[in-house]
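Me: I have a model open and would like to talk it through with you. Could we start with the overall layout and then move on to the charged pairs?

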Amino acid sequence: MYRFKNLTRFTHRTATKFTPTPFSLRHLATAGDAVAPPTAGLGPTKKPDKPRVVVLGSGWAGCRLMKGIDTSIYDVVCVSPRNHMVFTPLLASTCVGTLEFRSVAEPIGRIQPAISHEPGSFFFLANCVGLDSKNHEVHCQTITDGLQTLDPWDFKISYDKLVIASGAEASTFGIKGVKEHAIFLREVHHAQEIRRKLLLNLMLSDVPGVSEEEKRRLLHCVVVGGGPTGVEFSGELSDFIMRDVHQRYTHVQDYIHVTLIEANDILSSFDDRLRVYATTQLTKSGVRLVRGTVKDVQPKKIVLSDGTDVPYGLLVWSTGVGPSAFVRNIDLPKAPGGRIGVDDWLRVPSTPDIFAIGDCSGYLESTGKPTLPALAQVAEREGKYLAQLLNKIGKEGGGYANGGGDMELGAPFVYKHLGSMATVGSYKALVDLRQSKEAKGLSIAGFTSWFIWRSAYLTRVVSWRNRFYVAINWLTTFVFGRDISRI
């Protein structure tokens, strides 16, 4: 609950810029009588107020940018449908109870404390639904999670600098039934849904009256997509089956299986030797590898392109990402693949004061640079670079709208790949330190790689608070096994 001093800060100190929603007794009416509040928003900044940076998104790119922004120069406003950043490399571990969900979620207020206490900085739980680049405004709509007592409402935010870091969405390739029946693994609520469904199927399959065929279907976990996320989830799931299901669900231990479906080779960006090792290790752990393409997804089975039916109780979809509906519909230059096009300094050409970073952006063809992969390390380094660039612009007096257009920006953004890592379960992992698939470099697999994988990700977790959570969760799981409570 907010203290009264926070309410005072919000309504009085920002009264000149923010139009608060009027309150009356009619707001206490029933859901059927609910009335949407009038359009409100943050108006344009004026000196001596600080210029305003509006960040759309709370992923790796947006959060790294907010962390690096100098709040003595700028006010920061973040607009996102979630109030936290997800440490995605460890998200698969939460599905089976290796880690707790809060261990991979970092609140925005901890990443950029100014949002919690500075009078001109805010976080708004909302989606951006439109952009007016001519008037330097973004149009937003609140997120209410379907609450019957509260209807979404629209508001506007004026910006001096706009950073679009809205990420991407899972690719379905237009396959019928994917969105309705599959679960993606990109957010904490996806991991929670996977965990609840997995444990539900385990418990239902043990109830008298379930046929052998239905029991096999309920306990068949299908993963579509052989990239790092799909492989890591399959490895975590196979670990869970061998170490916990066989011990605590002995009546159904022979029925539960994992199938990983990939159209080509798994972990295609890794060294060939590592891919062979991953295939061997997953097969040894009981994961069935199927090369095929999904043609149709139905409530209880998927159909492959060769006509094969694959019944499933849990279907996890991890086939890469593509532009979101917002990015597709926004009237900005596009890079190959439909991303927002940027130049060498991550600016959107022909639209002053707009930048794009992370999975939603890509280099324009005119730059001669290839589109960077949708990786956390790419997004994080773009966010760090852009924070430094905006700080430089602000210090030189170009932070306000239409300012800094002729300013010398310095060195352009350059990305250098640091390598790739993936775990395959059973205390085994892969570490590929080559800068590209064609380059030479160190690549190792096995227990040593698993130790490197855990150590590297533990140091990359954003806060000491969550590092402590992750370390304790790993220790607890090692000593006592995974938590299998369905909460």
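Me: What distance separates the centres of domain 1 and domain 2?

Reply: Happy to help, and please keep in mind that this is a predicted model. The domain assignment gives domain 1 as 2-168 + 323-395 and domain 2 as 178-321 + 418-480. Taking the centres over C-alpha atoms, the separation of domain 1 and domain 2 is 31 Å.

Me: How many residues does each of the two domains bring to the contact?

Reply: Here contact means heavy atoms within 4.5 Å. On that basis, the contact between domain 1 and domain 2 takes 32 residues from domain 1 and, from domain 2, 31 residues.

Me: What area is buried between domain 1 and domain 2?

Reply: The size of an interface is often expressed as the accessible area that is lost when the parts come together. Between domain 1 and domain 2, carbon and sulfur atoms give 60% of that area. On the side of domain 1, C95, V96 and F101 lose the most area to domain 2, together 20% of what that side buries. The area buried between the two domains is about 3000 Å².

Me: How many salt bridges does the rule find across the interface of domain 1 and domain 2?

Reply: Polar links are a good place to look next. Between domain 1 and domain 2 there are 15 residue pairs in polar contact. As for salt bridges across this interface, the rule finds two.

Me: Which helix gives the most to the side of domain 1 that touches domain 2?

Reply: Several elements each supply at least two residues of that side, namely β4 (84-86), α3 (91-95), β5 (105-107), α4 (108-111) and α12 (376-395). By class, the side of domain 1 that touches domain 2 has 17 nonpolar, eight polar and seven charged residues. With five residues, the element that gives the most is α3.

Me: Now for the charged pairs. How far apart are the closest N and O atoms of R460 and E380?

Reply: The cut-off for a salt bridge is 4 Å between a side-chain nitrogen of Lys or Arg and a carboxyl oxygen of Asp or Glu. By this rule the count comes to 21 salt bridges. R460 forms one with E380, and their closest N and O atoms are separated by 2.5 Å.

Me: Which parts of the chain does the salt bridge of D75 and K50 tie together?

Reply: The closest N and O atoms of D75 and K50 are 3.5 Å apart. D75 counts as buried at 4% relative accessibility, while K50 is partly exposed at 23%. D75 and K50 are 25 residues apart in sequence, so their pair ties together strand β3 (residues 75-80) and the loop between β1 (40-42) and β2 (52-56).

Me: How many residues apart are R195 and D483?

Reply: R195 and D483 form a salt bridge, with 3.8 Å between the closest N and O atoms. R195 is buried, with a relative accessible area of 10%, and D483 is partly exposed, with 33%. R195 sits in helix α7 (residues 188-204) and D483 in the segment after α14 (464-480), so this pair links distant parts of the chain, and the separation is 288 residues.

Me: Why are D239 and R243 separated by about one helical turn?

Reply: D239 and R243 form a salt bridge, with their closest N and O atoms 3.6 Å apart. D239 is buried at 8% relative accessible area, whereas R243 counts as partly exposed at 36%. The separation is about one helical turn because D239 and R243 are four residues apart in helix α9 (residues 228-248).

Me: Which residues does D244 contact, leaving aside its neighbours within four places in sequence?

Reply: D244 is found in helix α9 and is buried, with a relative accessible area of 2%. A network of salt bridges links D244 with E236, D239, R243, R248 and R482. Leaving aside neighbours within four places in sequence, the contacts of D244 are D239, Y249, G481 and R482.

Me: One last residue: is D154 buried or partly exposed?

Reply: D154 lies in strand β8 (residues 154-158). A polar contact of 3.2 Å joins the side chains of D154 and Q141. Partly exposed covers values between 20% and 50% relative accessible area. With 40%, D154 is partly exposed.

How values were computed. Residues are numbered from 1 along each chain as its sequence is written. This is a predicted model: local features need pLDDT of at least 70, side-chain atom pairs count only at pLDDT 80 or more; totals for chains, interfaces and linings use all residues. Side-chain values use heavy atoms; hydrogens and water are left out. Domain bounds come from an automatic or database domain assignment. Buried area is the accessible area (1.4 Å probe) that two parts lose on being put together, summed over both. A polar contact is a pair of N or O atoms within 3.5 Å; within protein, one must be able to donate a hydrogen and the other to accept it, and residues adjacent in sequence count only if both atoms are side-chain atoms. Ala, Val, Leu, Ile, Met, Phe, Trp, Tyr, Cys and Pro count as nonpolar, Asp, Glu, Lys and Arg as charged, and the others, Gly among them, as polar. Buried means under 20% relative accessible area, exposed over 50%, partly exposed in between (1.4 Å probe, protein chains only).
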